[in-house]
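Grab a coffee and work through a few short exercises on the chain shown below. Try each one yourself before you read the solution.

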Amino acid sequence: MRKEKRNVCLTLDNFSGHNIAYQPTNVTIEFFGPNLMPFVQPLDAGVIRCFKAHYHQAYCKRALELDDAGDRDIYRITLIEAMDMATEAWDAVNSETIKNCWGHTGIQRPPIMLRIPPLPQKDHPDPHTTAAWNILEKFATTDMSLPQAENVLKDHFGD
């Protein structure tokens, strides 16, 4: 970076392990103030907490099952069991939770909604052109994704 005359600003939370004993070149380190992380990192705004709650629930359920089975070491767990429970816990975090956490941070811009002017009317409008225009307008003014719009256009016009 020094040869390219590039500078970087590295932002860190105030975790004590982030303190370093040297000053890197071409890197400015800025520490966030206390209790600021939930406002700048969506995962800290509730996604991690939700994931941990699902994981903890699965872990406790498993411990109770081992206890019911008469196992003496109800808290033992293999790495693969922990990985499976983590996968299930992540899958249990719904998209609405993630969306709300991003919204809570205030760092995401609202979606840009385009306004497409109406199709000029002719005496005999081409139905294919009108249909395509309607699909494009729906794509621009709703939450329709680009792949969805492409599929609708392909369905209408073929490949």
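## Warm-up: the whole chain

Among contacts in the chain between residues at least 6 apart in sequence, 41% join residues at least 24 apart. Keep in mind that this is a predicted model.

**Exercise 1.** Work out how many helices and strands the chain has, and in what pattern they follow along the sequence.

*Solution.* Start with the tally: the chain has six helices and two strands. Then read along the sequence, which gives β-β-α-α-α-α-α-α. To finish, look at burial: 18% of the 159 residues count as buried.

## Two packed helices

**Exercise 2.** Describe how α2 and α3 pack: what is the angle, and how far apart are the axes?

*Solution.* Two numbers do the job here, since a packed pair of helices is described by the angle between the axes and the distance between them.

Step 1: find the helices. Helix α2 covers residues 47-68 and helix α3 covers residues 79-92.

Step 2: get the numbers. The angle is about 130°, and the axes lie 8 Å apart.

Step 3: classify the angle. Angles from 65 to 115 degrees would be roughly perpendicular and those over 145 roughly antiparallel, and about 130° fits neither, so α2 and α3 are oblique to each other.

Step 4: add the handedness. The crossing of α2 and α3 is right-handed.

**Exercise 3.** List which residues of α2 meet which residues of α3, then sort the contact by class.

*Solution.* On the α2 side you should find Val 47, Phe 51, His 54, Tyr 55, Ala 58, Tyr 59 and Arg 62. Facing them from α3 are Glu 81, Ala 82, Met 85, Ala 86, Ala 89, Trp 90 and Ala 92. Sorted by class, the contact has 11 nonpolar residues, one polar and two charged.

## Salt bridges

**Exercise 4.** Find the salt bridges; how many are there? For each partner, decide whether the residue is buried, partly exposed or exposed.

*Solution.* The count comes to three salt bridges. For the second part you need the cut-offs: buried is under 20% relative accessible area, exposed is over 50%, and partly exposed is in between.

- Glu 81 and Arg 62 join their side chains at 2.9 Å, N to O. This pair links distant parts of the chain, with Glu 81 in helix α3 and Arg 62 in helix α2, 19 residues apart. Glu 81 has a relative accessible area of 27%, so Glu 81 is partly exposed. Arg 62 is at 11%, so Arg 62 is buried.
- Asp 71 and Arg 76 pair up at 2.4 Å, N to O. Asp 71, at 22%, is partly exposed, and Arg 76, at 39%, is partly exposed too.
- Arg 6 and Glu 4 make a salt bridge at 3.1 Å, N to O. Arg 6 is partly exposed at 45%, whereas Glu 4 is exposed at 54%.

## Backbone oddities

**Exercise 5.** Which phi values are positive at Lys 5 and Asn 26, and where do these residues lie?

*Solution.* Take Lys 5 to begin with: phi is near 55°, a positive value in a residue other than glycine. Lys 5 is found in the segment before β1 (8-12), and with a relative accessible area of 73% Lys 5 is exposed. Now Asn 26: phi is positive at about 60°, although this residue is not a glycine either. Asn 26 lies in the loop between β1 and β2 (27-31).

How values were computed
Residues are numbered from 1 along each chain as its sequence is written. This is a predicted model: local features need pLDDT of at least 70, side-chain atom pairs count only at pLDDT 80 or more; totals for chains, interfaces and linings use all residues. Side-chain values use heavy atoms; hydrogens and water are left out. Axes are lines fitted to C-alpha atoms, for helices over the stretch in contact, and angles run from 0 to 180 degrees between N-to-C directions. Helices (H or I, at least four residues) and strands (E, at least two) are DSSP runs, numbered from the N terminus. Angles under 35 degrees count as roughly parallel, over 145 as roughly antiparallel, 65 to 115 as roughly perpendicular and the rest as oblique. A crossing is left-handed if the near helix is turned anticlockwise from the far one by less than a right angle, and right-handed if clockwise. Contact means heavy atoms within 4.5 Å. Ala, Val, Leu, Ile, Met, Phe, Trp, Tyr, Cys and Pro count as nonpolar, Asp, Glu, Lys and Arg as charged, and the others, Gly among them, as polar. A salt bridge is a side-chain nitrogen of Lys or Arg within 4 Å of a carboxyl oxygen of Asp or Glu. Buried means under 20% relative accessible area, exposed over 50%, partly exposed in between (1.4 Å probe, protein chains only).
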